[in-house]
Amino acid sequence: MAIPDYETDLDLDKEEKKAVEGALVALDEYVTTLNEAFSSGGKKTENIDGAAKGEALETLKQDSKELKKNRMHMAGEFRIEDRVIQDVDSRTDEVVVLTCVDNSKFAEVGAGESLPDQEPEPLRVRFLAELDNSDWKIESQSLWSTPCGK
């Protein structure tokens, strides 16, 4: 899988760059998995533990279960606009990636409904990637206080 473009103000050594690349590939896999699970109404969840762990995995499972129970699905697509490496901790094998996600590009809707027209709503989202044995996975995602473009 190709390494997505990213920005950082950090001076990364060779090992840290390798960690960043693993984390970015894991993030793309996580987004693909999230889109598959949510657009299927919570039915396509067989691959979620390959991309997520901990809090992120539990949230994906719970959100998928709720979509299925409520007969809803995600219209549109969760898509990352940019990637900024905020922190790399080689002691704990963690990488923090700040991204920009346009919240208007996806929505929870009923069966057969499509994405409603919405004003753009760019949100800064923080992802924590951790090394899990030899695989990078997303541990958590949360809203970040700094807006996109800052």
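Is Ser 64 buried or exposed? Keep that one in mind, everyone, and thanks for coming.

A word on the ground rules. What you see is a predicted model, where local features need pLDDT of at least 70 and side-chain atom pairs count only at pLDDT 80 or more, while totals for chains, interfaces and linings use all residues. Residues are numbered from 1 along each chain as its sequence is written, and side-chain values use heavy atoms, with hydrogens and water left out.

Back to the serine. Ser 64 counts as buried because its relative accessibility is 2%. By buried I mean under 20% relative accessible area; exposed is over 50%, and partly exposed lies in between, with a 1.4 Å probe and protein chains only. Ser 64 sits in helix α2. Helices (H or I, at least four residues) and strands (E, at least two) are DSSP runs, numbered from the N terminus. Who are its partners? If you set aside residues up to four places away in sequence, Ser 64 touches Ala 37, Phe 38, Gly 41, Gly 42 and Thr 45. Contact here means heavy atoms within 4.5 Å.

Now to the core. A nonpolar core is a set of buried Ala, Val, Leu, Ile, Met, Phe, Trp, Tyr and Cys residues joined through side-chain atoms within 4.5 Å. The largest one has 33 residues, and the members that touch the most others are Leu 27, Tyr 30, Phe 78, Val 95 and Phe 127. At least two residues of this core come from each of α1 (14-39), α2 (54-70), β3 (80-89), β4 (94-102), β6 (122-132) and β7 (135-143). Helix α1 gives the largest share, 11 residues.

Let's stay with Phe 127 for a moment. Phe 127 is buried, at 1% relative accessible area. Beyond its neighbours within four places in sequence, its contacts include Leu 27, Ile 80, Val 96, Ile 138 and Gln 141.

Phe 127 also brings us to the aromatic pairs. Rings of Phe, Tyr and Trp (its six-membered ring) pair if their centres lie within 6.5 Å; planes under 30 degrees apart count as stacked, over 60 as edge-to-face and the rest as tilted. By that rule there are 2 aromatic pairs. In one of them, Tyr 30 and Phe 127 meet edge-to-face, 6.0 Å centre to centre with 70 degrees between the planes. This pair links helix α1, home of Tyr 30, to strand β6, home of Phe 127, across 97 residues. Tyr 30 is buried at 2% relative accessibility.

Phe 78 and Phe 106 also form a pair, this one tilted, at 5.3 Å centre to centre and 55 degrees between the planes. Here Phe 78 lies in the loop between β2 (72-76) and β3, and Phe 106 in strand β5 (residues 106-110), 28 residues apart. Both rings are buried: Phe 78 has a relative accessible area of 5%, and Phe 106 has 17%.

On to charges. How many salt bridges does a search of the whole structure find? The count is 8, taking a salt bridge as a side-chain nitrogen of Lys or Arg within 4 Å of a carboxyl oxygen of Asp or Glu. One of them joins Asp 28 and Arg 83, at 3.1 Å from N to O. Asp 28 is in helix α1 and Arg 83 in strand β3, so this bridge ties together parts 55 residues apart in sequence. Arg 83 is buried, at 15% relative accessible area.

Arg 124 and Asp 82 meet in a salt bridge too, at 3.2 Å from N to O. This bridge connects strand β6, with Arg 124, to strand β3, with Asp 82, so it ties together parts 42 residues apart in sequence. Arg 124 is buried at 6% relative accessibility, whereas Asp 82 is partly exposed at 23%.

Then there is Arg 91 with Asp 89, whose closest N and O atoms are 3.4 Å apart. Arg 91 is exposed, at 74% relative accessible area, but Asp 89 is buried, at 17%. Glu 77, Arg 79 and Glu 81 are linked in a salt-bridge network.

Last topic, the cysteines. The structure has 1 disulfide, meaning a pair of cysteine sulfur atoms within 2.5 Å. The partners are Cys 100 and Cys 148, with sulfur atoms 2.0 Å apart. The torsion about their S-S bond is about 110 degrees, so this disulfide is right-handed. Cys 100 lies in strand β4 and Cys 148 in the segment after β7, so the bond ties together parts 48 residues apart in sequence. Cys 100 is buried at 9% relative accessible area, and Cys 148 is buried at 19%.

Thanks, all!
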